[in-house]
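This tour is intended for a reader with the structure open in a viewer. Each stop proposes a selection and then describes what is found there.

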Amino acid sequence: MSLLTVGSVAFDAIETPFGKTDKIIGGAGTYIAIAASFFEKNQKICAVVGDDFPQSMLDLLASRHVDLTGLQIKQGEKSFFWSGKYHNDMNSRDTLVTELNVLEHFDPIIPESYQGVEFLMLGNLTPQVQRTVVERLNERPKLVAMDTMNFWMDIALDDLKQTLKVVDLLIINDEEARQLSGVSSLAKASKIIREMGPKYLIIKKGEHGALLFHGDNVFCAPGLPLEEVFDPTGAGDTFAGGFMGYLSSTGDVSFGNMKRAVIAGSALASFCVEKFGTEKLTEITQNDLEGRIQQFVSLANFEMTIQVG
Ligand code: AMP
């Protein structure tokens, strides 16, 4: 099938207890597209960069079957730049710098050739831009998924709630789920959030795995115990890209297949954190990924006979 990703393609500078980078390639759209490329060979991206963005990275995306027709390059302008510093727990981080640059007036233009796309992943952007993309598609995709963050809950909650009404799946972390729902139980939060619009909800719990909710069904994916976590930046986007890439490549949106997609996303995210930025994702092979998926399967697999009486 085909997958359209809308998201930031950007520069990041990251500081963790293990080291520090200068400007490296980042952006939610970049992580999503690279992760999805392990499964989906028919991808499209809608994004904006400045003329400072390296052609080599665009070539890398193109070599991974990502159609760049909808990537706007603004001459004389700078790409989005984000900088963050992780605390010692490697879970929480402070944003040090956000320079919107080209993202400030981003108008997500959908090329004619993108119409009819079957899967849509809305990376973390203003809820207004995310909604505009859905409105600009002539045909409703098979599945529309979105990511968001606390920032939009703080400054644009009404807008965010409107966007939630037009998506099928929301992918957020536990802290964001608690803020959006106003309750601390994730089971309760999942009901409250799904009443806001999305029929499906994924709550990521960092190193503790992820939960998928639909109707009365819940699936709990484990977190792979990793010996070294180097840089968590982009893990959430990588998860979303792996999830959507897998779904799109199979074309199957049943709950059973979504469980497999959660494992696909989790396996890719577990690689992402092992090096700075997108480095590890661009190094691994399909074999590495298959091996990691197998580890997840073994981790969660057990047999049990219940004897009553
Ligand atoms: P994650 O670690 O999954 O939350 O994603 C981090 C990525 O999101 C980084 O590569 C940033 O460039 C990008 N990012 C951070 N803040 C924003 C924002 N306000 N809008 C769009 N992308 C962002």
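**Stop 1: the ligand and its contacts**

Please begin with D12 and the ligand: a polar side-chain atom of D12 lies 2.4 Å from an oxygen atom of the ligand. The model is a predicted one, and every distance on this tour is to be read with that in mind.

Next, add D237 to the selection. A polar side-chain atom of this residue is 2.7 Å from a ligand oxygen atom. G234 also approaches an oxygen atom of the ligand at 2.7 Å, but here the protein partner is a backbone N or O atom. How much of the ligand's accessible area does the protein cover? Of the 510 Å² that the ligand has on its own, the protein covers 87%.

Which elements give two or more residues to the shell around the ligand? They are α1, residues 28-36, and α8, residues 235-250. Now select the whole shell, which consists of 14 residues; the closest are S8, D12, G27, G234 and D237. Colouring the shell by class gives four nonpolar, seven polar and three charged residues.

**Stop 2: helix α1**

Keep α1 displayed and hide the remainder of the shell. Is this helix mostly covered or mostly open? It is mostly covered, as nine of its nine residues are buried. Stepping along the helix, one passes A28, G29, T30, Y31, I32, A33, I34, A35 and A36, which are buried.

**Stop 3: a bridge between two loops**

A search of the whole structure finds nine salt bridges, and three of them are visited here. Select D168 and K199 for the first: their closest N and O atoms are 3.0 Å apart. This pair links distant parts of the chain, 31 residues apart. D168 is in the loop between α5 (157-164) and β11 (169-173), while K199 is in the loop between α7 (186-195) and β12 (200-204).

The two partners differ in their surroundings. D168 counts as buried because its relative accessible area is 9%, under the 20% cut-off. K199 has a relative accessibility of 45% and is therefore partly exposed.

**Stop 4: salt bridges at E274 and K275**

Move on to E274 and R292, whose side chains meet in a salt bridge with an N to O distance of 3.2 Å. E274 belongs to the loop between α9 (255-272) and α10 (279-283) and R292 to helix α11, so the bridge ties together parts that are 18 residues apart in sequence. E274 is partly exposed, at 21% relative accessible area. R292, at 11%, is buried.

Then select K275 and E283. Their side chains form a salt bridge with an N to O distance of 3.0 Å. What is the accessibility class of E283? With 41% relative accessibility, E283 counts as partly exposed. K275 is partly exposed as well, with a relative accessible area of 27%. To complete the salt-bridge stops, return to D168 and K199 and add R140: salt bridges that share partners join R140, D168 and K199 into one network.

**Stop 5: from E274 to strand β5**

With E274 still marked, select Q43, which is found in strand β5 (residues 43-50). The C-alpha atoms of Q43 and E274 are separated by 25 Å, and the two residues are 231 residues apart along the chain. Q43 is buried, as its relative accessible area is 1%.

**Stop 6: the segment before β1**

Select S2, located in the segment before β1 (3-6). Is S2 buried or exposed? Its relative accessibility is 4%, so S2 counts as buried. Display E118 alongside: a polar contact of 2.8 Å joins the side chains of S2 and E118.

**Stop 7: exposed residues**

For the next selection, take K191 in helix α7. This lysine is exposed, with a relative accessible area of 55%. Its C-alpha atom is separated by 8.8 Å from that of F213, a residue 22 residues apart from K191 along the chain.

Finish at F302, in the segment after α11 (286-300). At 65% relative accessibility, F302 counts as exposed, because the cut-off for that class is over 50%. Add M304, I306 and V308 to the selection: together with F302 they make a nonpolar surface patch of about 570 Å².

Conventions: Residues numbered from 1 in each chain as written. Predicted model: local features only at pLDDT ≥ 70, side-chain atom pairs only at ≥ 80, totals over all residues. Heavy atoms only, no water. Near = heavy atom within 4 Å. Polar contact = N/O pair within 3.5 Å; in protein donor to acceptor, adjacent residues only side chain to side chain. Areas by Shrake-Rupley, 256 points an atom, 1.4 Å probe, with all protein chains shown as cover. Helix = DSSP H or I, 4+ residues; strand = E, 2+ residues; numbered from the N terminus. Nonpolar A, V, L, I, M, F, W, Y, C, P; charged D, E, K, R; others polar. Buried < 20%, exposed > 50% of the residue type's maximum accessible area, 1.4 Å probe, protein only. Patch = residues over 30% accessible without salt bridge, like charges linked within 9 Å, V, L, I, M, F, W, Y side chains within 5 Å. Salt bridge = Lys/Arg side-chain N within 4 Å of Asp/Glu carboxyl O.
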